Amino acid sequence: MKIRIIILFAALPLSVFAEEGISLRRASELTIENNHTIKAAEQQQLTAHRNRQAARGLYMPKISTTAAWTTLQKDLQIDINPLKPLLSDLDITPLLGLDWSYTLQKRNLGFIEADITVPLFTGGKIIAANRAAEASESAANAESRALSGKVFSELVERYFGVVLASNVVEVRALAVKAMEQHLQDITLLLENGMVTNTSLLQVNYALTKSRQELNSARSALTIARRGLSTTTCTDSIGHTTTPIFICGAIEGLDHFLERAEQGNAQLQYIDSQNELARQNIAIHRADFFPEVVAIAGGGFGHNISNILPRWAVGVGFRFTIFDGLNREYSYAAAKSTAKRAEELKTAANQDIKLLVESLYNKCIDYLQQCSSLSYAIEFANDYLTNIKVAFQEDMATSTEVIDATLALAATKIEQLEAAYNFDTTLARLLEATGESERFFDYIESINSKAIKYEE
């Protein structure tokens with residue numbers, strides 16, 4: 001029996017390598033639809049958008065209405081009848097016969113009125129509040145993009161973790177099958193007296209160990225499937241159809257550094273926080289200026305005295321002369337917050353550059369490792385074939401056959417792990433540049449190579 005490794009060159013999208021099952025793209029769609037972290041981020045975006053709409057309302061007039069029905073203890077009257085005796089000497093007898101009282105307001109009354117307040121000058125507070133709301137919305141959008149990128153990187157890690165675990169199971173199964181075949185050969189040789197019982201015991205021990213490793217690989221596959229189900233928020237995941245892949249080449253470091261500077265979600269979030277801090281300064285600075293508003297009001301009533309006016313207009317002015325230095329300290333605190341945000345931005349820029357460079361170098365290392373392991377697998381495969389032939393000719397020991405079989409399996413798993421590390425590191429690199437969706441471009445690239453093992 002000969003075990004070989006097949007590296008398929010993807011001239012077409014890698015989804016064509018399987019006829020059914022779940023692809024990485026479909027898993028991504030399920031994650032977007034179901035993942036609770038993404039849904040929470042979407043709600044945060046919606047909240048920020050509504051707050052921005054609410055801030056626009058600060059420009060608009062404020063209209064309020066008031067209505068009431070009231071019963072007083074008694075009517076409000078002016079009664080000057082007691083003055084009549086003092087005026088009896090005057091020739092006003094007809095007037096003295098009249099009732100000299102007047103009801104100013106009946107005891108039962110009701111009214112409804114409306115008031116309009118229009119801001120004329122607020123020291124720039126309304127403008128700053130709207131700009132702050134825009135910055136908050138931008139921050140929420142950037143945070144949502146950062147979370148989406150993080151979840152996608154997690155999806156890549158868990159999806160290809162299932163692929164890796166499946167391949168490891170396959171490799172371990174091939175190793176067990178090879179050991180079982182070798183056991184048959186050694187048994188036959190023992191029956192013919194060509195080897196000792198020690199060789200048989202040695203093969204049995206190696207076979208038992210290989211079966212244990214196969215069982216461990218199957219357990220790891222079960223755990224990996226559960227992790228993928230958790231990320232996609234689905235009950236169960238079928239077999240994966242997008243294989244582990246490597247690329248012939250990726251763009252240079254400068255490309256990724258430039259893309260990260262322009263599209264990194266964390267940097268965009270910090271930019272929004274800087275803008276928010278600047279607008280917070282403007283809001284506190286507005287406290288040093290007076291507020292001027294135009295007001296107007298009017299209404300209708302039942303049993304309301306005609307003496308009272310039915311409408312009024314005017315201009316209001318408010319200015320705080322002294323508030324215990326609260327304005328001064330709040331303004332100073334806002335400026336300190338803005339300076340802190342600037343320092344954090346500088347530090348974040350440096351950290352992102354270092355992260356991108358580190359991830360890029362790891363990607364290159366894993367690609368080189370995969371390339372060198374291809375030759376190692378080819379050598380291990382040929383060596384195993386030659387050792388088996390030599391063993392049949394009594395020129396090699398059973399130990400050498402076992403070692404060669406296990407070495408081939410270990411080398412194949414090592415390359416699988418290197419390719420898996422490349423895929424997950426590439427996903428994190430694209431997350432750092434704010435372009436996680438470009439991961440599919442690399443999968444579908446003509447330079448990509450899918451790794452798949454067959455007996």
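Colleague: Is asparagine 303 buried, partly exposed or exposed?

Modeller: Before reading any such value, keep in mind that this is a predicted model. A residue counts as partly exposed when its relative accessible area falls between the limits of 20% and 50%, and asparagine 303, at 30% relative accessibility, is therefore partly exposed. Asparagine 303 is found in the loop between strand 7 (291–302) and strand 8 (311–318), and its phi is near 65°, a positive value in a residue other than glycine.

Colleague: Which value does phi take in leucine 325, and where does leucine 325 lie?

Modeller: Leucine 325 is not a glycine, yet its phi is positive, at about 65°. Leucine 325 belongs to the loop between strand 8 and helix 8 (326–392), and with a relative accessible area of 37% this leucine counts as partly exposed.

Colleague: How should I read the order of strands in a sheet, and in which order do the 4 strands of the open sheet come?

Modeller: The order names the strands as they lie side by side in the sheet, and here the open sheet of 4 strands runs 2-5-7-8, with antiparallel pairing. Strand 2 (62–71) and strand 8 are the edge strands, each of which pairs on one side only. On average, and with direction ignored, neighbouring strands of this sheet are turned by 20° against each other. To follow one pairing in detail, take strand 2 and strand 5 (residues 108–121), which are joined in the antiparallel sense over 10 bridges; among the residues involved, alanine 67 has isoleucine 112, in strand 5, as its bridge partner.

Colleague: At what angle do helix 4 and helix 9 pack, and what does that angle tell me?

Modeller: An angle over 145 degrees counts as roughly antiparallel. Helix 4 (residues 125–191) and helix 9 (residues 398–433) pack at about 170°, with their axes 9 Å apart, and the two helices are therefore roughly antiparallel to each other. The residues of their contact divide into 18 nonpolar, 8 polar and 8 charged.

Colleague: How many disulfides are there, and why is there no bond between cysteine 247 and cysteine 363?

Modeller: A disulfide needs two cysteine sulfur atoms within 2.5 Å, and by this rule the count comes to 0 disulfides. The cysteine sulfur closest to that of cysteine 247 belongs to cysteine 363, and it is 8.9 Å away, which is too far for a bond. Cysteine 247 is buried, with a relative accessible area of 6%, and cysteine 363 is buried as well, with a value of 0%.

Colleague: Which backbone oxygen atoms does the side chain of serine 448 reach?

Modeller: For a side-chain contact, one reads which atoms meet and at what distance. The side chain of serine 448 reaches the backbone oxygen of isoleucine 443 at 3.0 Å, and it also reaches the backbone oxygen of serine 445 at 2.8 Å. Serine 448 lies in strand 9 (residues 448–454) and is buried, with a relative accessible area of 0%.

Colleague: How should I read a distance along the chain beside a distance in space, for instance what separates the C-alpha atoms of alanine 286 and alanine 206?

Modeller: One is counted in residues and the other in Å. Alanine 286 and alanine 206 are 80 residues apart along the chain, and their C-alpha atoms are separated by 80 Å. Alanine 286 has its place in the loop between helix 7 (265–285) and strand 7, and at 2% relative accessibility alanine 286 counts as buried.

Technical notes: Residues numbered from 1 in each chain as written. Predicted model: local features only at pLDDT ≥ 70, side-chain atom pairs only at ≥ 80, totals over all residues. Heavy atoms only, no water. Buried < 20%, exposed > 50% of the residue type's maximum accessible area, 1.4 Å probe, protein only. Axes fitted to C-alpha atoms, helices over the stretch in contact; angles between N-to-C directions. Parallel < 35°, antiparallel > 145°, perpendicular 65-115°, else oblique. Nonpolar A, V, L, I, M, F, W, Y, C, P; charged D, E, K, R; others polar. Polar contact = N/O pair within 3.5 Å; in protein donor to acceptor, adjacent residues only side chain to side chain. Pairing = 2+ DSSP bridges.
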